[in-house]
Amino acid sequence: MSSITAPSPVVDPDHPLVPAVRGRRRAELIMLIFAFGLIAFAFANVGYSLKGRLPSSMAEYLGAFVIITVIGHLAVRRLAPWADPLLLPLAALLNGLGIVMTYRLAQQGQLLSTPLSPSATGIQVLYSAIGIGCFIAVLALIREPRVLQRYTYTVGAIGLALLALPALLPSSISQVYGAKIQIRLGTFTVQPEEFAKLALAVSFAGYLVAKRDVLALAGRRILGLDLPRARDLGPILMIWAASLLLLVFESDIGTSSVFMGLFVAMLYIATSRTSWLLLGFIMFVAGAFAASKLFGHVGERFNIWLHPFSGQNPSHNAYQLVQGLYGMASGGLLGKGLGGGQPYITPLVQSDLVFTAFGEELGLAGLMAILLIYGLIVQRGLRTAMLVKEPFSKLLAGGLSFMLALQVFVIVGGVTRLIPLTGITTPFLSQGGSSLVASWMLIALLVRISDTARRPPPRPIQEEGLTQVVSLK
């Protein structure tokens, strides 16, 4: 563990690039202030829409969030001074908007299918504090990303154990609304898959860096495409089987697709073989189709997706999806304003379908702005992957960026009927703790890798001023 916490190189205060560091951190602070202004405006909009005045608790929630975010900014200044200045403000803006939506729904919490207590907003701020605390802990403990490569198989085993844990526990402990993806701990629930995805991203990066030369070898050429050798199909077959087990035993299409998609994407990044992408896509689609025919609960998800308005679906199994679609449609282009809609009609709108709540009250324009923020985070992560020279860090940054993009695609595609609806959360926006904490840890890893990528090499020792020793013998 001592190697993980080894101190990173200290920035020379006389280094010619130090002004650039100060400029980055100053830009980060300015963007944070802008984000806080948008969050305050959103809070005020909710207050005037619902109560005709500023909410009395706005200063408390906003003040607490500003304090913990500024602490995160100071930690970045101290622990990762060369990091990308956009990552923290963008994540903070999404986190703050999620708190605003939690507050807005809690004001009419008794109308929700799963009632929200008035303290839900305070709990969400507490989860944000825990998330930023974990963000700081990751920056403090992991000074060099490549050190994680030493624990490739240990971290992978932990990730697989976390994924399998809900399926192994009794349904009374792990089953929540039909899917076995959460674990009840008293009045709280924990979603192990959120942390498993981070562990598996680290494990996949370590494994693929070691094996990429073998996996990049081409086999037969069919229709102009170089297929991989049959002897190299073992890893992708194992991941495919694991994703199908998730789909069948935990009824979790979202995590299954993210799990499979993450490995295939990182495999493509490591080998630059398009055939892996095509093979992985065909395998997952074929497996999911077969599971829909063999297992009733999987087939029900596909039936809801394909025929939400047929038979009894609109008022029964497809009710959640249908209400979400109606809500987004009623928002139109500019929405009804925060607090002006009726998102509480949609079941589990505070967690699974929070995107439809924003669509109803911010409209299509607001949704495009939110997707643009996610896109900027992904773009900065991919830019970091291109800048860093160390292979493990490059692959890990690319994998984490793609995982965030894929998670957003899966939930947004589900609520818009592009793909089957899953119970996966919307990063930073959904009410709850596991997803929020894991998302902040993902941002911390990207911040650490970006600091490594942008950190200049130490200056060579200058010859001027050195004392010359002359022997008199």
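A residue counts as buried when its relative accessible area is under 20%. By that cut-off threonine 384, with a relative accessible area of 1%, is buried. The structure is a predicted model. The points below cover the protein as a whole, then threonine 384, alanine 438 and helix H8.

**Whole protein**
- The protein contains 15 helices and four strands.
- Of its 473 residues, 53% are buried.
- Among contacts with a separation of 6 or more, 74% are between residues 24 or more positions apart.
- The exposed area of the protein is about 21,400 Å², and carbon and sulfur atoms supply 67% of that area.

**Threonine 384**
- Threonine 384 sits in helix H13, which covers residues 354-387.
- A polar atom of the threonine 384 side chain lies 2.9 Å from the backbone oxygen of arginine 380. This pair falls within the 3.5 Å cut-off for a polar contact.
- Leaving aside residues up to four places away in sequence, threonine 384 touches Ala397, Leu446, Ile449, Ser450, Ala453 and Arg454.
- Helix H15 spans residues 434-454, and the residues touched by threonine 384 include Leu446, Ile449, Ser450, Ala453 and Arg454.

**Alanine 438**
- Alanine 438 is found in helix H15.
- Its relative accessible area is 4%, so alanine 438 is buried.
- Beyond residues up to four places away in sequence, alanine 438 touches Glu194, Phe195 and Leu198.
- Helix H7 runs over residues 192-215, and Glu194, Phe195 and Leu198 are touched by alanine 438.
- Alanine 438 and glutamine 191 are 247 residues apart along the chain, while their C-alpha atoms are separated by 9.9 Å.

**Helix H8**
- Helix H8 is made of 16 residues, 234-249.
- At 1.5 Å a residue, helix H8 should span 22 Å, and its end C-alpha atoms are 22 Å apart, so the expected span and the model agree.
- The buried residues of helix H8 are Pro235, Ile236, Ile239, Ser243, Leu244, Leu246, Leu247 and Val248.
- Cover for these buried residues includes helix H5 (152-168), helix H7 (192-215), helix H9 (253-271), helix H10 (274-294) and helix H11 (296-306).
- Serine 251, just after helix H8, takes a positive phi of about 50 degrees.

How values were computed: Residues are numbered from 1 along each chain as its sequence is written. This is a predicted model: local features need pLDDT of at least 70, side-chain atom pairs count only at pLDDT 80 or more; totals for chains, interfaces and linings use all residues. Side-chain values use heavy atoms; hydrogens and water are left out. Helices (H or I, at least four residues) and strands (E, at least two) are DSSP runs, numbered from the N terminus. Buried means under 20% relative accessible area, exposed over 50%, partly exposed in between (1.4 Å probe, protein chains only). A polar contact is a pair of N or O atoms within 3.5 Å; within protein, one must be able to donate a hydrogen and the other to accept it, and residues adjacent in sequence count only if both atoms are side-chain atoms. Contact means heavy atoms within 4.5 Å. Accessible areas come from the Shrake-Rupley method with a 1.4 Å probe; for residues, only the protein chains shown count as cover. The expected span of a helix is 1.5 Å times one less than its number of residues.
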